[in-house]
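Colleague: I am new to this one and would like a close look at a single part. Please start there and then work outwards.

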Amino acid sequence: MDIILQPWPWYVTGPLITLVMLLLFYFGKSFGMSSNLRTLCSIGGAGKYADFFKFDWKAQRWNLVVVLGAVLGGFIAVNFLSDGSNIALSPDTLTDLETLGFQNAGAAILPPEIYDWDAVLTVKGMSILIIAGFLVGFGTRYAGGCTSGHAISGLSNLQKPSLVAVIGFFIGGLIMTHFILPLIFTTS
């Protein structure tokens, strides 16, 4: 049980991701989570209103199973396979987060300062969720895929657009971390 409860090192998880990618490549599939939204919208009848959703969604059922597995796997991992220890964050990160007003950083997977109902059901909380949701949705559609699709699947297939997208993801993450996050959460 200790093996399952502890984080796995890169030299175990990396080859496992590689194995999955080789299997997907062998079967002619490409991995990505955001494409499931298009599939779900198509199943719901969105093809009646927009040509983008007119496609053979049944060919994408396998990817819906991947999403279901990710949700169930995450639930099982958090509720049954977690040893309850804090997330390993660097001391500098903890200090930076405390400066921004995050108490007990690393004690929970989702910081309560953002994800508790008390935080969400405020003007600031709703604004953050709506703006972030729009930017993620627009960015995913504009980039032709999400971080998992481009960074894992696209880069493993040596696709130049995926390299450009991943570089953009990193630049966006750095801008968010160093400039926007302090503007949103500075407690002074």
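How much of the chain over residues 125–143 is helix and how much is strand, and how far apart are the end C-alpha atoms?

Modeller: First, a caution: this is a predicted model. Over residues 125–143 the chain is 100% helix and 0% strand. The C-alpha atoms at the two ends of that stretch lie 26 Å apart.

The stretch also carries an annotation. An unreviewed UniProt entry lists residues 125–143 as a "transmembrane region". The entry gives that feature to residues 12–28, 62–81 and 163–185 as well. Take residues 62–81 next. Here the chain is 95% helix and 0% strand. The end C-alpha atoms of residues 62–81 are 26 Å apart.

Now the whole chain. The protein chain has 10 helices and 0 strands. Its pattern along the sequence reads α-α-α-α-α-α-α-α-α-α. The C-alpha trace spans about 50 × 45 × 35 Å along its principal axes. The chain has 188 residues, and 18% of them count as buried. Its exposed area is about 13,900 Å², with 71% supplied by carbon and sulfur atoms. Contacts tell another part of the story. Take those between residues at least 6 apart in sequence: 50% join residues at least 24 apart.

Next, the loops. One runs between helix H5 (91–99) and helix H6 (112–115), and Asn104 is found in it. Another lies between helix H9 (147–156) and helix H10 (160–185), and it holds Leu158. Why pick out these two residues? Most residues other than glycine have a negative phi. Asn104 is not a glycine, yet its phi is positive, at about 55°. Leu158 is also a residue other than glycine, and its phi is positive too, near 60°. How do they sit with respect to the surface? Asn104 has a relative accessible area of 62%, so it is exposed. Leu158 reaches 78% relative accessibility, so it counts as exposed.

Last, the charges. The protein chain has 9 positive and 10 negative charges. The mean positions of the two sets are 27 Å apart. The structure holds 1 salt bridge. In it, the side chains of Lys54 and Asp51 meet at 3.2 Å, N to O. Where does that pair sit, buried or exposed? Both Lys54 and Asp51 are exposed.

Technical notes:
Residues numbered from 1 in each chain as written. Predicted model: local features only at pLDDT ≥ 70, side-chain atom pairs only at ≥ 80, totals over all residues. Heavy atoms only, no water. Salt bridge = Lys/Arg side-chain N within 4 Å of Asp/Glu carboxyl O. Buried < 20%, exposed > 50% of the residue type's maximum accessible area, 1.4 Å probe, protein only. Helix = DSSP H or I, 4+ residues; strand = E, 2+ residues; numbered from the N terminus. Contact = heavy atoms within 4.5 Å. Areas by Shrake-Rupley, 256 points an atom, 1.4 Å probe, with all protein chains shown as cover. Lys, Arg positive; Asp, Glu negative; His and termini not counted. Charge placed at Lys NZ, Arg CZ, Asp CG, Glu CD. UniProt positions renumbered as here; feature names shortened; annotations may be inferred.
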